[in-house]
Each structure stands twice: as structure tokens, then as C-alpha cells.
Amino acid sequence: MATPAAPTPSLKFEREAWKAGAFWVAGVDEVGVGPLAGPVTAACVALPPGKRFKWYRAVRDSKVLSEATRRELAEEIRASVPYAIGWASHEEIDTINIYRARKLAMVRAFDQLEVEPDAIISDALPLPLKNVRPVIDGDALSVAVAAASILAKVERDALMVEMCERYPGYGFCHNKGYPTPEHKRLLQKRGPCPIHRRSFAPVAQMTLPLPG
């Protein structure tokens, strides 16, 4: 039985917001929820009415795109519409938990956005912001959210390549901190480095104090 094709993002939700009177409609998404190391990264992308950039037809959920395609699309997105990036560090993830850190990164992205959105489409998460519409699988259904997912992924991947140079021996250049079998094996062998999330298994078990 053939695997169903991934849905193609559309402007359905954006058009509904524009029709209701919005001008800037922003999509927001985050990446880096599952890794054992590094931050969670969010991006927001604001779209105006009446524009039809070529990349609208090409964007998809970042997870289904190749690295080369993500980078190419990211350049096109950054060159054409307002966007911003927000981060929540591995320390913040350990302190407030990943769910709250995801929201924090998203809010920080909007703090950096050069325009004030009249409507926001979020990838499933409710946010403490005005006029937010959470959409399940928003990164697969909304052009703005898909664009945000691409920017967030490209930014976080670039950071993890830098971390690979700073903390060699964990494969961050290719696993980006995700719990691949290789990463788990290297983690078991070397122990956690400074950017590993202490609250995530199996790192948590490695950093527990020995019984007295």
C-alpha cells in the first residue's frame, strides 16, 4: 500500500485572516523538541495580502525537505518577507520544561519581528499573544507556518554545526543533537557535554548524584 503524499501547504488560513481585516499574518513554528542537546529554536514569518512569491508553492514542513532545499528556500524567504528567530537554551529547557521553552522561543521570535502581526497562525501551540490561531499540523497546512519551520530548522542546524566544532565527539554536525543510535552510543562513552539537556533521558540518569 502506497504511503500517502504529504499535504501541500496553502494560504487557506492566511486568506481567512486577511478577509477578516488582517494585514500582516504571521506563521510561527519551532524545531528542536526531541534532541538531547542544544536549544529549541522558533521562527515567525509575516505575510502581507496581495503578494504571491514563487516560494509559496515550494514550501513544505521542514521535516520532509532535503537540507539543500531548506537552505535555498530559507534564502528566498529571508529576502522577501519580515521574519525573526527566537531561542530557548538547553538550560531554560531543563529549568522550565520543553513545553514552556517552546512557547518562550516563539514569543521571543515575535519580540524580534519588525512588524506587528494582526493575526498569528501557530503550529498547534496556544501562545500568550493576541489573535493566535493554533492549527494542528500547521507546518504541513499553512504556507506561513511551513516557511517558519524552514527558517527555524536552518538556523538551529547551523548552530549545531558550530557546536560540533566546539564539542567534538558527539556527531552534532550530522545528528544535530537528536537521539540517534550513534549519538546515544557516543554519549554513553563520553558522558554529557555542557549543552546536553540534563532533564532528558538518558542524560538525566548519567548526571544523577551517586547515593550517599
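What follows is a chat about the sheet, the nonpolar cores and the aromatic rings of a predicted model.

Student: Before we get to side chains, in what order do the five strands of the open sheet run?

Tutor: In this predicted model, the five strands form an open sheet in the order 3-2-1-4-5, with mixed pairing. Strand 3 and strand 5 (132-135) are the edge strands, each of them pairing on one side only, and neighbouring strands are turned by 20° against each other on average, with direction ignored.

Student: OK, and in what sense do strand 2 and strand 3 pair?

Tutor: Strand 2 and strand 3 pair in the antiparallel sense, over six bridges, and V45 stands opposite Y83 in strand 3.

Student: Which strands does helix 1 lie across?

Tutor: Helix 1, residues 12-19, lies across strand 1, strand 2, strand 4 (119-123) and strand 5, and the helix runs at about 160° to strand 5.

Student: Switching to packing: which residues touch the most other members of the largest nonpolar core?

Tutor: That core has 33 residues, and those touching the most other members are V28, V40, C44, F110, L113, F172 and I195. At least two residues each come from strand 1 (25-31), strand 2 (40-47), strand 3 (83-88), helix 4 (98-112) and helix 6 (143-166), while helix 4 gives the most, with six residues.

Student: What does C44 touch, leaving out residues up to four places away in sequence?

Tutor: With those left out, C44 touches G27, V28, P82, Y83, A84, A109, F110, L113 and A148. Apart from the largest core lies another one of 32 residues, which includes L65, A144, I150 and V154.

Student: Now the rings: how many aromatic pairs are there?

Tutor: The count comes to five aromatic pairs. One of them joins F53 and Y56 edge-to-face, at 5.8 Å centre to centre and with 75° between the planes, whereas Y170 and F172 are stacked, at 5.5 Å and 15°. Ring pairs also link F53, W55 and Y56 into a cluster.

Student: Why is F53 called partly exposed, and is Y56 buried or exposed?

Tutor: F53 is partly exposed because its relative accessible area is 23%, which lies between the 20% and 50% limits. Y56, at 6% relative accessibility, counts as buried.

Student: And the stacked pair, are Y170 and F172 buried or exposed?

Tutor: Y170 counts as buried at 6% relative accessibility, and F172 is buried as well, with a relative accessible area of 0%.

Student: Last one, where does the charged end of R190 sit?

Tutor: The charged end of R190 sits over the ring of Y170, 5.4 Å from its centre, and that of R197 sits over the ring of F200, 5.0 Å from its centre.

Notes
Residues numbered from 1 in each chain as written. Predicted model: local features only at pLDDT ≥ 70, side-chain atom pairs only at ≥ 80, totals over all residues. Heavy atoms only, no water. Core = buried A, V, L, I, M, F, W, Y, C linked by side-chain atoms within 4.5 Å. Buried < 20%, exposed > 50% of the residue type's maximum accessible area, 1.4 Å probe, protein only. Helix = DSSP H or I, 4+ residues; strand = E, 2+ residues; numbered from the N terminus. Contact = heavy atoms within 4.5 Å. Phe/Tyr/Trp six-rings, centres within 6.5 Å; stacked < 30°, edge-to-face > 60°. Lys NZ or Arg CZ within 6 Å of the ring centre and 35° of its normal. Pairing = 2+ DSSP bridges. Axes fitted to C-alpha atoms, helices over the stretch in contact; angles between N-to-C directions.
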